[in-house]
Every structure is written in structure tokens, then in C-alpha cells.
Amino acid sequence: MYSIDLKAWYIAKKNIKEKLRNLGSMFWTVVFPIMMLLVYKLAFSEEGGDAMINGLTAFDVEFPGIVVYTIGMSSVTSAVMFAMSKVDGTLERMDTFPVSRGNIFLGAILSESVFMNLQLILIFGFGYGVLGAHFVPAMLPLGYLIAMIFGIGAIGLGLIIASFLNSPEGANGIAMLSHMTLMFVSGSFFPLDNAGVFFTPQYWVKQVYLQLTVVGDFFTDLMYSGTIILPTSEASIFPIWSGILIILAFTSTFIFLGIKIFQKKTSL
Amino acid sequence: MDVSIKEEAQIKYSDPNQFYENKYSTEFIIEVQDLAKSFNGLKAVDGINLKIRKGELFSLLGPNGAGKSTTIRMLTTVLKPTNGDARIKDYSLIKEKNKIKPLIGVCPQENVIFKALTAEDNVEFVGRMHGMDPADIKKRTNTLLEKMNIAGRKKSAKTFSGGMKRRLNLVMSLIHQPQILFLDEPTAGLDPQARRLVWDFIKDLKNTGVTIILTTHDMLEADALSDHIAIMDLGKIIAFGTLEDLKSSSSNGNILEFSFSSRDELIQAKIKLGQIMNVKNISEMDNNKLIISFTGGVMTLKQEILREIESFKALHFREDSLEDIFLKLTGRGLRD
């Protein structure tokens with residue numbers, strides 16, 4: 001078994017070059033989230049509109065939903081990337097090189113992470129900097145980290161989808177369907193008063209991000225005694241740290257299952 | 001199809017040791033033992049045995065679905081065999097495939113390139129995967145792309161013509177100077193000029209001591225390049241040797257090719273030809289063509305044929321070719 005080494009970075013570099021030259025992919029990665037931000041801003045932050053919590057507007061509270069949507073798109077791009085590698089033979093060709101599948105997966109995570117960072121910088125710059133969404137500066141790095149952890153889990157979900165599909169078009173369709181369904185079911189686009197939200201990673205990411213980065217101010221207090229705001233703006237019994245644990249659990253499970261299933265389906 | 005010839009050939013070529021022990025005494029770089037692969041119970045490769053000498057160009061010949069590509073995919077560590085093993089430079093395919101990977105270069109049947117990348121990026125990436133030094137990669141990339149006449153190396157590979165993609169596919173398999181090169185139908189889809197370029201390149205490569213394993217269903221290619229040829233059909237090796245060996249061992253004699261205007265004429269002629277003593281084998285081809293192999297003098301046979309068959313468009317005499325041998329052994333043309 002080959003170990004994970006610098007080759008993962010060369011694979012990531014190759015993936016980045018490929019993605020940068022794919023205009024369709026760049027549109028969904030970079031342009032579409034900014035368009036969503038503008039739509040949300042126009043829809044939810046009228047001057048003199050009702051404040052939802054502590055003087056925050058609907059746009060402030062919905063901003064984390066845009067972050068979740070943007071980063072969750074990694075499930076679509078990674079599903080397409082892996083399904084494509086199965087169909088065009090590049091995965092099989094890579095298997096003839098002295099490089100481990102571990103390097104291939106890590107390369108994909110690294111390249112997607114580069115784009116997730118780019119997306120977050122754009123979203124934060126445009127949302128917080130230009131459109132004036134409210135945030136607590138001290139908590140922003142933690143919000144950033146939570147978004148990244150969620151994004152890595154989304155890559156795992158993309159791997160699971162790619163394992164079962166033999167065309168990039170099919171993978172794109174199913175991944176987009178699952179992403180959008182989860183976005184609505186989790187109440188990430190619009191608050192949803194339903195217990196089903198608890199079973200989606202998107203819900204936990206949005207709520208923890210919201211509590212820490214938009215609403216909260218004292219990190220230590222929030223971590224140990226703060227509560228997660230429910231869709232109906234009531235406090236839940238879950239402290240923030242349990243929300244973070246749930247996000248980590250979702251991410252680990254998706255990555256573990258993604259790699260296992262993809263390996264099983266593509267090892268001939 | 002002459003069943004007895006096929007059976008005889010299978011018995012004769014089932015043990016490559018027998019063949020080599022008699023004629024050669026050289027180092028084997030690949031030794032395949034009872035290698036088999038089944039997909040859902042269907043045997044794609046059925047327990048083949050092969051020995052390939054270091055530095056030789058070995059061709060695996062067969063029609064589509066014969067099991068050539070499956071054999072190559074097993075030998076290049078992509079497919080796990082259902083049964084058997086192979087030793088590639090003393091490493092077991094089953095137990096030590098990671099030691100085999102740095103030794104081999106693989107040019108797949110399809111153009112497996114990263115289309116969004118430039119030609120240079122594609123080749124550099126493969127070099128990186130083999131742990132090559134960046135300076136070496138650059139130097140070798142330049143040499144190989146130049147040799148293979150790939151212009152526009154800084155352009156995205158998706159803009160390349162089919163022939164250029166094919167040649168880039170080949171260059172990618174060579175960047176790390178493999179000791180063993182697997183070429184799966186390397187000239188499929190190339191125009192004659194590009195095909196000649198690739199052939200010359202392969203010949204040059206062979207002179208550098210690289211062992212080349214080539215799969216093809218192109219007779220001319222196998223004839224022009226190979227030191228040894230194995231003919232595969234239905235997952236088995238049915239013939240093995242040099243071109244001359246195969247011709248002399250499987251030949252039935254000489255060949256007469258008939259062309260007819262209609263299928264009715266062909267069927268009538270086939271019945272009459274079957275009654276002629278010297279005719280050993282009759283094969284029906286496309287375009288109302290019949291091929292017969294025969295023993296004895298051509299003049300005597302010709303007179304007899306002209307007496308028996310009144311209407312045919314053309315009659316052509318030639319010596320037995322590799323394709324004829326293949327036809328006798330498998331009952332099918334190479335492009336079937």
C-alpha cells in the first residue's frame with residue numbers, strides 16, 4: 001500500500017487547473033452564490049423591515065443559509081469529478097501509477113478545499129463587506145472552520161453519489177437534487193418548523209454558524225451553555241458544542257462511507 | 001472452420017515453455033501462469049500461460065472480445081485476476097502489485113487524457129505521479145512531444161485532433177521511461193501517416209531495450225513490429241510463436257480468393273468446391289467472397305475449378321497470411 005505523500009498535492013493541483021478551465025463549474029462555484037446573496041439582500045432587508053432577533057434583519061439571519069448552500073455545492077462538484085474519472089478512464093489510468101487511492105481522495109479534498117476557501121472569502125467579502133450582513137468579528141474564524149468541516153463532509157456525500165452513478169450528467173443531477181432537497185428540508189433557505197431538520201447536517205451548520213458568528217459574542221459561554229436557536233427562534237436544549245460534535249460526526253460519516261463505498265464499487 | 005486445426009493449435013500452444021525451451025534461452029520479464037478472469041461467471045480470460053522475453057516486442061492478437069484487453073488490464077494491476085498469477089520482473093501480480101507499478105507504462109485503448117489540461121500539463125502530471133524530478137520531466141516532455149510531432153503543446157488537449165490525442169496518450173505512458181510498456185491498440189483510429197510515425201517510434205523504443213506488449217487486431221501492425229505473437233480467442237491463447245512459426249505450423253497450403261456477383265453464385269460454388277479433393281478449407285467472407293486453402297499445384301486445381309465453376313467475378317492466388325491462419329484457428333476474421 002502506498003502512503004499518502006506529496007503526490008496528493010500534485011493531484012490537487014491538476015484538479016484545480018481542470019476546474020478553473022471549466023466555465024460551467026466556475027459559474028456554480030463562484031457566480032451563483034453571489035447572485036443568491038443579492039437575491040436574499042433584495043428580498044429580506046428592506047429599510048425599516050421587522051427585525052427578527054436582537055435587531056438582526058431576516059437577511060442577517062438567512063446569511064448562514066447562503067454559506068451552507070455555497071459550501072454544500074462541493075457535493076455536486078465532487079460527485080461530477082469522481083463520476084467523470086470513472087467514465088473517462090482517468091481513474092483506471094491513475095490506478096496504473098504508483099499512487100495510492102488515499103492520495104487521490106486527499107488530492108480531491110485539497111482541491112475542493114481551495115475552492116471552498118475561495119468561495120468563503122468571496123461570500124464573506126461580498127456579504128459582510130459589501131452588503132453589510134451582521135457578524136461578530138471574534139467568532140468569524142470559528143464560523144469559517146465550521147463551514148470548511150461541513151464542506152469536507154459534502155465531498156464525502158459527492159463520493160457516495162459518484163459511486164452509484166456511471167455518468168457525470170447523472171451524478172450532477174442526483175447531487176444537485178440531494179443538495180437542494182437537503183437545503184429546503186433543513187430549513188437553510190427558509191426556516192422550517194419540523195423535527196426532520198435535526199437529521200440534516202445543513203441544519204446544524206446553519207444553526208451553529210448563526211449562533212456563533214451572527215448572534216453570539218462570548219465564545220466560552222456559548223460553547224458550554226449557549227443554546228442553538230430553533231427554526232421558530234426558540235432556544236433548543238442543545239448547547240453549541242453538541243451542535244459542533246454533530247457536524248463533525250456527519251462529516252466523518254460521509255467521508256468514511258464515501259471512501260469505503262467508492263473503493264468497493266471501483267476496485268475491480 | 002476447421003475444428004481439428006484449432007484443437008491441434010490449442011494443444012500445441014498451451015505450454016509456452018515447450019516453445020521457448022526449444023528455441024530461446026533468454027531472460028523472461030513476464031511469466032503468466034494460469035491467469036483467468038471471469039465477470040459474473042463469464043470467462044473473459046480462461047487460464048492463459050505466457051512467457052515474454054526482456055526487450056522483445058510481443059503482440060497479443062485477436063478479435064474484439066477475445067480477452068486481450070482484459071489480459072492487459074490484469075497485467076497492469078487494474079483488474080484482479082479470478083485465478084492464477086503472473087510474475088513481472090520477479091514480482092507477483094497478486095502480492096506485489098505496488099512494486100510492479102513503477103516498472104510499467106500503460107497506453108490504454110481509449111484516449112485517457114485530462115482534456116482540460118495542456119499536453120505539457122498532462123505529461124508533467126504523469127511524471128509527478130512517478131516521482132520524477134521536475135527538470136527531468138521538462139526535458140523528457142520536450143523530447144517526447146517533439147518526437148511524436150505534437151504541436152500546440154500549451155493548448156488544451158480537448159482542442160487536439162483524434163490523432164494528436166492518441167499520440168499524447170502514448171507519450172504519457174513513456175515519460176517515466178518504463179521497463180515494460182503495454183500498448184493497447186496504439187494505432188487504432190490513426191491515419192496511415194500517423195500510424196507509420198507511431199510504428200517508427202515503437203521500433204526505436206524497442207531498440208532501447210524496453211519490453212513492449214502490444215495488443216492489436218491489425219495484421220500489418222503485428223507483422224511489422226512483433227518478435228513474437230500470441231493469438232487469443234474466447235479467452236484462450238490458441239497460437240504462439242514468431243510470424244514464420246505461426247505460418248509454417250498452421251498453414252494449410254496456398255490460398256485462392258474468389259469474388260462472386262451474388263450470394264446464390266457463392267453458395268453453388270461452395271458446394272462444388274467442397275467436392276474437390278485438394279481443397280482443405282473453405283471460408284465465407286463479406287462482399288460475396290470465398291477463401292479456400294488447398295494443397296498441391298495451383299495449375300491443376302485451377303483447371304479443375306474452371307471446369308466445375310462457371311461464374312465468378314475474380315480469382316486471386318496468394319500465399320497464406322497471418323489473417324488466414326487466424327481465420328483457420330478461430331473461424332472468424334480479426335475485425336469480427
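A residue counts as exposed here if 12 or fewer other C-beta atoms lie within 10 Å of its own C-beta atom, and as buried if that number is 20 or more. I note at the start that the model I am reading is predicted.

**Entry: two asparagines in chain B**

I began with B:N40, which has 4 other C-beta atoms within 10 Å and is therefore exposed. I located B:N40 in the loop between β1 (28-39) and β2 (42-53) of chain B, and I noted its positive phi of about 50 degrees, although B:N40 is not a glycine.

I then turned to B:N149, another residue with a positive phi that is not a glycine, the value here being about 60 degrees. B:N149 sits in the loop between α6 (134-147) and α7 (162-172) of chain B. Is B:N149 buried, exposed or partly exposed? I found 13 other C-beta atoms within 10 Å of B:N149, so I recorded this residue as partly exposed.

**Entry: the sheet of chain B**

I followed the strands across an open sheet of 6 strands in chain B and wrote down their order as β6-β7-β8-β3-β9-β10, with mixed pairing. Its edges are formed by β6 (104-107) and β10 of chain B, each of which pairs on one side only. Direction ignored, I have neighbouring strands of this sheet turned by 15 degrees against each other on average.

At one edge, I checked how β6(B) is joined to strand β7 (residues 180-184) of chain B: the two run parallel and share 4 bridges. Within this pairing, I marked B:I104 as standing opposite B:I180 in β7(B). Helix α3 (residues 68-75) of chain B packs on the sheet, where it touches β3 (57-61), β7, β8 (211-216) and β9 of chain B. I also noted that the direction of α3 of chain B makes about 150 degrees with that of β7(B).

At the other edge, I looked at strand β9 (residues 228-233) of chain B, which pairs with β10(B) in the antiparallel sense over 5 bridges. One of the partners I picked out is B:I231, whose bridge partner in β10(B) is B:A239. The two strands form a hairpin with 2 residues between them, and B:L234 in the turn has a positive phi of about 50 degrees. I had β10(B) down as an edge strand, and I wanted to know how far strand β10 (residues 236-241) of chain B is enclosed by the rest of the structure. Of its 6 residues 5 are buried, so I recorded β10(B) as largely enclosed.

**Entry: chain A in outline**

I counted 11 helices and 2 strands in chain A, and, read along the sequence, the pattern is α-α-α-α-α-α-α-α-α-α-β-β-α. Of the 268 residues in chain A, 46% are buried. I also looked at contacts in chain A between residues at least 6 apart in sequence, and 75% of these join residues at least 24 apart.

**Entry: α7 against α11 in chain A**

I next examined helix α7 (residues 140-164) of chain A where it packs with α11(A), at an angle of about 25 degrees and with the axes 7 Å apart. That angle makes α7(A) roughly parallel to α11(A), since angles under 35 degrees are counted in this way. I recorded the crossing of α7(A) past α11(A) as left-handed. The residues of this contact divide into 18 nonpolar, 5 polar and 1 charged.

From helix α11 (residues 240-266) of chain A I picked A:F254. I found 22 other C-beta atoms within 10 Å of A:F254, which is why I have this residue as buried. Leaving aside its neighbours within four places in sequence, A:F254 is in contact with A:G153, A:G156 and A:L157. For a distance within the chain I took A:V31, which is 223 residues from A:F254 along the chain, and the C-alpha atoms of the two are separated by 27 Å.

**Entry: where chain A meets chain B**

How many residues does the contact take from chain A and from chain B? I have 20 from chain A and 23 from chain B. On the side of chain A that touches chain B, α1 (7-20) and α5 (90-95) of chain A each supply at least two residues, and α1(A) gives the most, with 5 residues. I sorted the residues on this side of chain A by type and obtained 7 nonpolar, 4 polar and 9 charged.

Conventions. Residues numbered from 1 in each chain as written. Chains lettered and ligands numbered in written order. Predicted model: local features only at pLDDT ≥ 70, side-chain atom pairs only at ≥ 80, totals over all residues. Contact = placed C-beta atoms within 7 Å. Nonpolar A, V, L, I, M, F, W, Y, C, P; charged D, E, K, R; others polar. Pairing = 2+ DSSP bridges. Axes fitted to C-alpha atoms, helices over the stretch in contact; angles between N-to-C directions. Parallel < 35°, antiparallel > 145°, perpendicular 65-115°, else oblique. Left-handed = near helix turned anticlockwise from the far one by under 90°.
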